[in-house]
Amino acid sequence: MMDGAAERAIERIVIVGGGTAGWMAAAALSAHLSGTDVAITLVESSEIGTVGVGEATIPTIRRFYGALGMSDAEVMQACDATAKLGICFVDWLRDGHSFVHPFGRFGQDLKGIDFHHYWLKARAAGDRAQLGNYSLGSLLASEGHATLPAPDPGSQLGIFDWALHFDAALFAQHMRRFAEKMGVQRVDARITDVALRGADGFVEALTLDSGARIEGDLFIDCSGFRSLLLGEKLGVSYEDWSHWLLCDGALAVQSERAGLPPSCTTVTARTAGWQWRIPLRKREGNGLVFSSRFQSDDQAREELLAHLLGEPTMEPRKLRFTPGRRQVAWAKNCVALGLASGFLEPLESTSIALIETGIERLKSLFPDKDFDPTVIAEYNEQSAEEMERVRDFLVLHYKLNGRTGAFWQACRDMDVPDSLNAKLALWRARGAFVRYRWEMFSPASWLAIYAGFEDLPTRLDPAVAAVDNAQLTRSLETMRRSLRDTVADTPTHEEFLEIMDGAAAQGRAA
Ligand code: FAD
């Protein structure tokens, strides 16, 4: 260690909140800092509770818990989890239309030219096969199958990825068990006051309803929508994006299982928003996300319940949010993660993924007691850009909708951010992708949405003109057949879950 660095090292981390964000941060930081003298305390209030939603993930979650030494099988069993191969969008373009946004790519590139140019050329020549026919992930999801990706798939056609649907409360408990084993101290109490240091306004200590005082060097605000430290105490303002993301309300309800669990999340367009269906092993999670400008709570409740496939097991729970983010995620000695740092909306399941990237960023820019402004500025810049990129991806879904109704018309009519306009313009002009820094979604995901909404470019890569149409038709048919054959040999989702149970039992026995 450099001279003097040891005295400036952070000794006490205090995490405020024990929802998904708080316990993920506690687990990851306790693993990262194991062997050091850093003490981690997490304060949560079982009286206040957690937001209680957040059950669909993207594949990065598997890397997150994998880095903590947890296997897929173990986490799936602990969290009532099923496999998620992608998201099935129903009725977003028009009634009766659907497509899958898979975690994976489409087709086989040829001669260094992206596959979609060949698909578009064949389409222009009258081939009606949907893009999803060239994606293993999409076909698995459509068939209700699931399998593990081959470690060495042999060709691009075999590349796909998967994530989980899980019970958010069980996942937080799983993270908690790990964190407590690693030495994290949990305090169950309500925070009644937050003291700032006179000299520089840094957070100094929390006061609890028991009267106890908890001091720290670094505070991590995972207090949910309230943003107790960053928002309320440090006064970091909120950037409101509701002119781009019109949904600001949700009703969440659990129901009994309705048939075999699909291997994808289903999101169905409704009157003034959309409805999710997330299949778990023992139950299903459902919800309606809607715009309160276009639908009342009562109408939303009625619409949600009318479309449930299984019997509801509770009264729907109301949630209100303002899409947007805190101006900065890190101010002074306080970093916010999860809802305390902002929230866009649940479409595309990005909130937990943003917690993961926030934790990774904090690990790689971990401060000392000097809290160098350069480090803080870098963290904030990366976080802001990443959130804006996710925002643009979500806005795209609304902008391209083809539905009737006042809400959907307003979404089509809205002016979108310039960064999204630039992407759309290049796609339409040339079938190419603009890539910014800190993108969470790859070009394959953007392609899935453009193609799913049938928003197609006017010009293709000129090099595809050299490919003979008859030869192209044969190549595409071979790809489709190869993928169909592969899917036919994979387990159903139900069989896959049994295989994972077997692996979990073996893991416990080992
Ligand atoms: P919370 O769960 O609200 O936890 C806050 C914690 O702070 C609690 O432990 C609480 O007790 C504590 N606390 C607050 N005030 C005090 C106090 N005064 N004293 C002591 N403790 C206090 N994300 C996804 O990735 N996928 C999804 O499918 C998804 N769906 C969603 C659907 C909806 C409708 C909504 C609103 C969100 C969804 N999210 C989803 C987001 C996801 O739920 C959150 O990102 C995730 O649950 C993290 O929440 P959190 O830990 O930040 O906050």
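This report describes the domains, one domain interface and two strand arrangements of a predicted model.

## Domain layout

The domain assignment divides the protein chain into domain 1 (5-55 + 167-241 + 324-371), domain 2 (82-166 + 389-488) and domain 3 (249-320). Between the C-alpha centres of domain 1 and domain 2 there is a distance of 37 Å, and the contact between these two domains draws on 17 residues from domain 1 and 18 residues from domain 2.

## The interface of domain 1 and domain 2

Together, domain 1 and domain 2 bury about 1,400 Å², and 69% of this area lies on carbon and sulfur atoms. The number of salt bridges counted between domain 1 and domain 2 is zero, whereas six residue pairs, with both residues at pLDDT 80 or more, are found in polar contact across the interface.

On the side of domain 1 that touches domain 2, the helices α7 (168-181) and α10 (351-364) each contribute at least two residues. Of the elements on this side, α10 gives the most, with five residues. By residue class, the side of domain 1 that touches domain 2 is made up of eight nonpolar, four polar and five charged residues.

## The six-stranded sheet

Six strands form an open sheet with mixed pairing, and their order across the sheet is β7-β2-β1-β11-β20-β19. The edges are occupied by β7 (185-188) and β19 (330-331); each has a single partner strand, so one side of each of these strands is left without a neighbour in the sheet.

At the β7 edge, strand β2 (residues 39-44) runs parallel to β7 and is joined to it by four bridges. One residue pairing that can be located in the structure is that of Thr41, whose bridge partner in β7 is Gln185.

## The hairpin of β8 and β9

Strand β8 (residues 191-196) and strand β9 (residues 203-208) run antiparallel and are joined by five bridges. Within this pairing, Val194 has Leu206 as its bridge partner in β9.

The hairpin that β8 and β9 form has six residues between the strands, and in this hairpin Gly201 takes a positive phi near 75 degrees.

How values were computed. Residues numbered from 1 in each chain as written. Predicted model: local features only at pLDDT ≥ 70, side-chain atom pairs only at ≥ 80, totals over all residues. Heavy atoms only, no water. Pairing = 2+ DSSP bridges. Domains from an automatic or database assignment. Contact = heavy atoms within 4.5 Å. Buried area = accessible area lost by both parts, 1.4 Å probe. Salt bridge = Lys/Arg side-chain N within 4 Å of Asp/Glu carboxyl O. Polar contact = N/O pair within 3.5 Å; in protein donor to acceptor, adjacent residues only side chain to side chain. Nonpolar A, V, L, I, M, F, W, Y, C, P; charged D, E, K, R; others polar.
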